[in-house]
Amino acid sequence: MHNEIEKILISEDEIQQKCKELGEQLTKEYDGRFPLAIGVLKGAMPFMGDLLKRMETHLEMDFMDVSSYDGGMRSTGEVKIVKDLDTQVEGRDLIIVEDIIDSGLTLSYLVDLFKYRKAKSIKIVTLLDKPEGRTSHIKADTIGFEVPDEFVVGYGLDYNEKYRNLPYIGVLKPEVYGG
Ligand SMILES: O=P(O)(O)OC[C@H]1O[C@H](OP(=O)(O)OP(=O)(O)O)[C@H](O)[C@@H]1O
Ligand code: HPA
Ligand SMILES: [Mg+2]
């Protein structure tokens with residue numbers, strides 16, 4: 001698997017250090033509150049686990065499974081809800097945890113949905129931001145790393161459902177994409 005990676009953009013150590021830093025910030029910000037942390041499956045799973053271990057306040061976790069890439073490299077332009085939340089969001093402080101904001105379509109869809117459901121506050125925390133990919137007007141409140149306009153894999157991010165279990169963020173060799 002590792003020999004299919006052309007270059008590592010963000011190492012495992014850098015990711016873990018960032019989770020610690022962001023977890024400490026969120027600990028201060030949500031001290032004495034009881035936020036609902038929402039992981040956007042499947043991509044956010046590794047980041048959600050590592051980040052929330054570093055958050056030393058009470059919190060509730062829930063997951064929403066949405067998909068718009070169908071495993072490929074381009075957004076289909078349509079966000080499908082595969083699994084909805086089990087928790088009511090009305091009146092709650094939400095922390096949406098994402099692996100990447102690229103076109104911004106997934107998050108603009110979720111933010112609209114949670115506003116409609118009357119969340120008290122909505123904070124977006126994303127490990128990666130790819131600003132050059134943006135077609136929807138959405139900005140994260142907290143960003144781990146900015147990435148260039150390349151298709152990245154690892155640490156939750158897939159290509160054809162593979163590579164999510166890499167501990168780092170990288171770019172695949174062109175031949176793996178069939179390019
Ligand atoms: O800003 P966008 O262009 O909407 O892209 C970002 C979203 O796309 C990926 O999810 P995907 O739909 O591939 O589902 P997955 O998390 O199950 O891989 C990624 O995990 C983000 O959720
Ligand atoms: O660069 C990416 N890699 C993997 N999945 C993605 N979903 C949106 N952008 C990306
Ligand atoms: Mg996702």
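**View 1. Strands β5 and β6, where Leu94 of β5 has Ile122 of β6 as its bridge partner.** This legend, like those that follow, describes a predicted model. The pairing between β5 and strand β6, which covers residues 121-129, is in the parallel sense and extends over eight bridges. Together with helix α3, these two strands, β5 and β6, make a β-α-β unit that is right-handed. How many of the nine residues of β5 are buried? Eight of them are, so β5 is largely enclosed by the rest of the structure.

**View 2. Strands β2 and β5, which run parallel to one another.** Four bridges join β2 to β5, and among the residues to look for in this view is Ala37, whose bridge partner in β5 is Ile95.

**View 3. The surroundings of ligand 1, a shell made up of 18 residues.** The closest of these residues are Gly43, Tyr69, Asp102, Ser103 and Thr106. Three elements each give two or more residues to the shell, namely β2 (36-41), β5 (93-101) and α3 (105-116). Which element gives the most to the shell around ligand 1? The answer is β5, which contributes four residues. When the shell around ligand 1 is sorted by the character of its residues, six are nonpolar, seven are polar and five are charged.

**View 4. The surroundings of ligand 2, with Tyr69, Ile100, Asp102, Phe151, Val152, Val153 and Leu157 around it.** In the shell around ligand 2, six residues are nonpolar and one is charged, while no residue is polar. Two names in this view, Tyr69 and Asp102, will be familiar to the reader, since both are listed around ligand 2 and both are also listed among the closest residues to ligand 1.

**View 5. An open sheet of three strands, arranged in the order β1-β9-β8.** The pairing in this sheet is antiparallel, and its edge strands are β1 (5-10) and β8 (152-153), each of which pairs on one side only. Four bridges join β1 to strand β9, which is formed by residues 169-172. One residue to find here is Ile5, whose bridge partner in β9 is Leu172.

**View 6. Tyr116, a residue that lies in helix α3.** Is Tyr116 buried or exposed? A residue counts as exposed if 12 or fewer other C-beta atoms lie within 10 Å of its own, and Tyr116, with 9 other C-beta atoms within 10 Å, is therefore exposed. The C-alpha atom of Tyr116 is separated by 30 Å from that of Asp158, a residue 42 positions apart from Tyr116 along the chain.

**View 7. The span of residues 13-159, which UniProt lists in an unreviewed entry as "domain: Phosphoribosyltransferase".** The C-alpha atoms at the two ends of this span lie 23 Å apart, and the span itself is 26% helix and 29% strand.

**View 8. The protein chain as the setting for the close-ups, with its three helices and nine strands.** Read along the sequence, these elements follow the pattern β-α-β-α-β-β-β-α-β-β-β-β. The radius of gyration of the protein chain is 16 Å, close to the 16 Å that the globule rule gives for 179 residues, so the chain is as compact as a globular protein of that length. Taken along the principal axes, the C-alpha atoms fill a box of roughly 50 × 35 × 25 Å, and 31% of the 179 residues count as buried.

Terms used: Residues numbered from 1 in each chain as written. Chains lettered and ligands numbered in written order. Predicted model: local features only at pLDDT ≥ 70, side-chain atom pairs only at ≥ 80, totals over all residues. Near = placed C-beta within 6 Å. Nonpolar A, V, L, I, M, F, W, Y, C, P; charged D, E, K, R; others polar. Pairing = 2+ DSSP bridges. UniProt positions renumbered as here; feature names shortened; annotations may be inferred. Buried ≥ 20, exposed ≤ 12 C-beta atoms within 10 Å, placed from the backbone. Right-handed = clockwise from strand over helix to strand, strands pointing away. Rg over C-alpha atoms; globule rule 2.2 N^0.38 Å.
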